[in-house]
Amino acid sequence: MDLLVTLGRTLGFSLGAGVNLYATVAILGLASRYHWVELPPQFQIFNNNLIIGLALVMYVVEFVADKIPWLDSVWDLLHTFIRPVGGALVAVATLGDASPTMKGLIALLGGTVAAGSHATKSGTRAVANTSPEPFTNWILSLAEDVFVLGLSYLALAHPVAALVVVAIVLTILATFAVLMIRSVRRWWAGQPA
């Protein structure tokens, strides 16, 4: 059961970090600071005034940037390098004491999960930006924030449930990726040479 709890927290926070790294880190810091749930000692790394404050400030900046069409895509482009690394670091931090090999594997897994959720977010935003009205961005942004808050709550309070949610989301993302690749292949095959 400990492995499932650890994986639920690690992958839940990594998936959340790919969507909104700053909200995820702020939640981890605040949960650790105010003892919202009983957390293992390794979560104390997030209980730092500088980390919490910076994460909250950056969350506000991202909250505003996400509401402005095309600026959200530029923001996501910049975060293509930040969110996966952040997801990897969050995964390693939530793992606790482990061998260097295990930390490396968890960093790769956390970074990959964060990269997948980031790619989905940024791709969805790019499609939404083709819409002439701004409300789609606002709705997507608020839905992403609610998703990250909800997943973070699950990862903190019910990590096994968070692991189930992560497995479902990753299965859906993989299914859509396969369908898109097949569609692109068919489209290219139908084009004249």
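Reader: What makes up the surface that the protein exposes?

Author: In this predicted model, the protein exposes about 10,500 Å², and carbon and sulfur atoms supply 77% of that area. As for the interior, buried residues make up 38% of the 193 residues.

Reader: How do you know whether the radius of gyration agrees with a compact globule?

Author: We can set one value against the other. For 193 residues, a compact globule would have a radius of gyration near 16 Å, and the protein has 17 Å, so the two agree. If you prefer a box, the C-alpha atoms fill one of roughly 60 × 35 × 25 Å along the principal axes.

Reader: And which elements build the protein, from the N terminus on?

Author: The order is α-α-α-α-α-α-α, with 7 helices and 0 strands. Of the contacts with a separation of 6 or more, 69% join residues 24 or more positions apart.

Reader: Why is Thr94 called buried or exposed?

Author: Buried means under 20% relative accessible area. Thr94 has 2%, so Thr94 is buried. This residue is found in helix 4, residues 83–95.

Reader: Which residues does Thr94 contact, leaving aside its neighbours within four places in sequence?

Author: Thr94 is in contact with Thr10, Phe13, Gln42, Phe43 and Phe46.

Reader: What makes the approach of the Thr94 side chain to the backbone oxygen of Ala91 a polar contact?

Author: The distance is 3.1 Å, and the cut-off for such a pair of N or O atoms is 3.5 Å. The pair is therefore within the limit.

Reader: Why is Leu4 called partly exposed?

Author: The partly exposed class lies between the buried limit of 20% and the exposed limit of 50%. Leu4 is at 38%, so Leu4 counts as partly exposed. You will find Leu4 in helix 1.

Reader: How far apart are Leu4 and Leu163, in sequence and in space?

Author: They are 159 residues apart in sequence and 7.4 Å apart in space, C-alpha to C-alpha. Leu4 touches Leu163, and also Pro159 and Val160, not counting residues up to four places away in sequence.

Reader: How do you know which class His35 belongs to, buried or exposed?

Author: Exposed means over 50%. His35 has 60% relative accessibility, so His35 counts as exposed. This residue is found in the loop between helix 1 (2–34) and helix 2 (49–65).

Reader: What is phi of His35?

Author: Phi of His35 is near 55 degrees, a positive value in a residue other than glycine.

Key
Residues numbered from 1 in each chain as written. Predicted model: local features only at pLDDT ≥ 70, side-chain atom pairs only at ≥ 80, totals over all residues. Heavy atoms only, no water. Helix = DSSP H or I, 4+ residues; strand = E, 2+ residues; numbered from the N terminus. Rg over C-alpha atoms; globule rule 2.2 N^0.38 Å. Buried < 20%, exposed > 50% of the residue type's maximum accessible area, 1.4 Å probe, protein only. Contact = heavy atoms within 4.5 Å. Areas by Shrake-Rupley, 256 points an atom, 1.4 Å probe, with all protein chains shown as cover. Polar contact = N/O pair within 3.5 Å; in protein donor to acceptor, adjacent residues only side chain to side chain.
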